[in-house]
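Trainee: I'd like to go through this one with you, mostly its metal site, its ligand and its salt bridges. Can you pull it up?

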Amino acid sequence: MTDLTDPEALWSQVDAYFGVLAPEDVHLVATRARAHAAGLPDIAVAPNQGKFLQLLASVVGARRILEIGTLGGYSTLWLARALPSSGRLVTLELDPAHAAAARESLAEAGVSDRVDVVVGPASESLATLARAGVDAFDLVFIDADKQQLALYVDLSLALARPGTLVVVDNVVRAGAVVDAAHPDDRVQGVRHMVDLLTDHPRLDGTVIQTVGVKGYDGFALLRVTS
Ligand SMILES: C[S@@+](CC[C@H](N)C(=O)[O-])C[C@H]1O[C@@H](n2cnc3c(N)ncnc32)[C@H](O)[C@@H]1O
Ligand SMILES: [Mg+2]
């Protein structure tokens, strides 16, 4: 019998039940284990969310993926596996220790040939990529410091093309996002992003709320229109 008095426990049970559809292989397990052993925070996407990202990348036929916020490379690995062997994933990470753990795991998983882990503040790395005139990305996954979400969305546009899909993680924040006076600057970061998105001339999108092992949150799904 399901226990409806403890919603978080129920969400986790439901994630576990559907886990058969998003099984982790040894490399995904090892990526999580290495991040844990290195003392990285436990803030990677859940397996079902990683699988969801992988499916999105497959559906859009992504050949070039940009990720902002690598951590230990867990979401990176799910995404990289959607790429053809000639594809490219560029992932941006501020913390060299996080990047080092990610590089090791991605090498062990055999996707290093497709992935560049770029260390530095994402705003600078994004500007560098734009200056270098790299080809447009087909999918952008934004999952770094939430305070700068609006900036990351804006800078990503210079690296996008009409049709590029932009996914922004953790934008619901257990519902705190509805509080205009919320003291958490991550919540304010989401709200600034929503201000930017409202009537944006080049972006169309929506937000989907989610529950599960990661609690109550959600993601924005945006399409670059022009
Ligand atoms: C939520 S974690 C990323 C999780 C990862 N996408 C996953 O699901 O496996 C956020 C990461 O963004 C990094 N980060 C924070 N501020 C950053 C910045 N200014 N530039 C680049 N990365 C940053 C953090 O060090 C952290 O590793
Ligand atoms: Mg996230």
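Mentor: Sure, and one term up front: buried means under 20% relative accessible area, exposed over 50%, and partly exposed in between, with a 1.4 Å probe and protein chains only. This is a predicted model, where local features need pLDDT of at least 70, side-chain atom pairs count only at pLDDT 80 or more, and totals for chains, interfaces and linings use all residues. Residues are numbered from 1 along each chain as its sequence is written, chains are lettered from A and ligands numbered from 1 in the order in which they are written, and side-chain values use heavy atoms, with hydrogens and water left out.

Trainee: So is Val14 buried or exposed, or partly exposed?

Mentor: Val14 sits in helix α1, residues 7–18 (helices are DSSP runs of H or I with at least four residues, strands are E runs of at least two, numbered from the N terminus). Its relative accessible area is 36%, so Val14 counts as partly exposed.

Trainee: What is the area of the nonpolar surface patch that includes Val14?

Mentor: Patch members need over 30% relative accessible area and no salt bridge; like charges are joined within 9 Å, and nonpolar side chains (Val, Leu, Ile, Met, Phe, Trp, Tyr) within 5 Å. Areas come from the Shrake-Rupley method with a 1.4 Å probe, and for residues only the protein chains shown count as cover. Val14, Tyr17, Phe18, Val20 and Leu21 make the patch, and its area is about 560 Å².

Trainee: Which residues coordinate the magnesium ion (ligand 2)?

Mentor: Donors are N, O and S atoms within 2.8 Å of the metal (3.2 Å for Na, K and Ca), and as water is not among the atoms, sites may look incomplete. The coordination distances here run from 2.1 to 2.3 Å, and the donors are Asp143 (OD), Asp169 (OD) and Asn170 (OD1).

Trainee: How many residues apart in sequence are the parts that Asp143 and Asp169 tie together?

Mentor: The donor spacing reads D-x25-D-N. Asp143 is in the loop between β4 (139–142) and α7 (149–157), while Asp169 is in strand β5 (residues 165–169), so the pair ties together parts that are apart in sequence by 26 residues. As for cover, Asp143 is buried at 14%, and Asp169 is buried at 11%.

Trainee: What share of the area of ligand 1 does the protein bury?

Mentor: Start with polar contacts: pairs of N or O atoms within 3.5 Å, where within protein one must be able to donate a hydrogen and the other to accept it, and residues adjacent in sequence count only if both atoms are side-chain atoms. A side-chain N or O atom of Glu93 is 2.6 Å from an oxygen atom of ligand 1, and a backbone N or O atom of Gly69 is 2.8 Å from a nitrogen atom of ligand 1. Taken alone, ligand 1 exposes 610 Å², and the share the protein buries is 91%.

Trainee: How many residues apart are the salt-bridge partners Asp42 and Lys214?

Mentor: A salt bridge puts a side-chain nitrogen of Lys or Arg within 4 Å of a carboxyl oxygen of Asp or Glu, and Asp42 and Lys214 meet at 3.8 Å, N to O. Asp42 is in the loop between α2 (26–37) and α3 (47–59), Lys214 in the loop between β6 (203–210) and β7 (217–224), and the separation is 172 residues.
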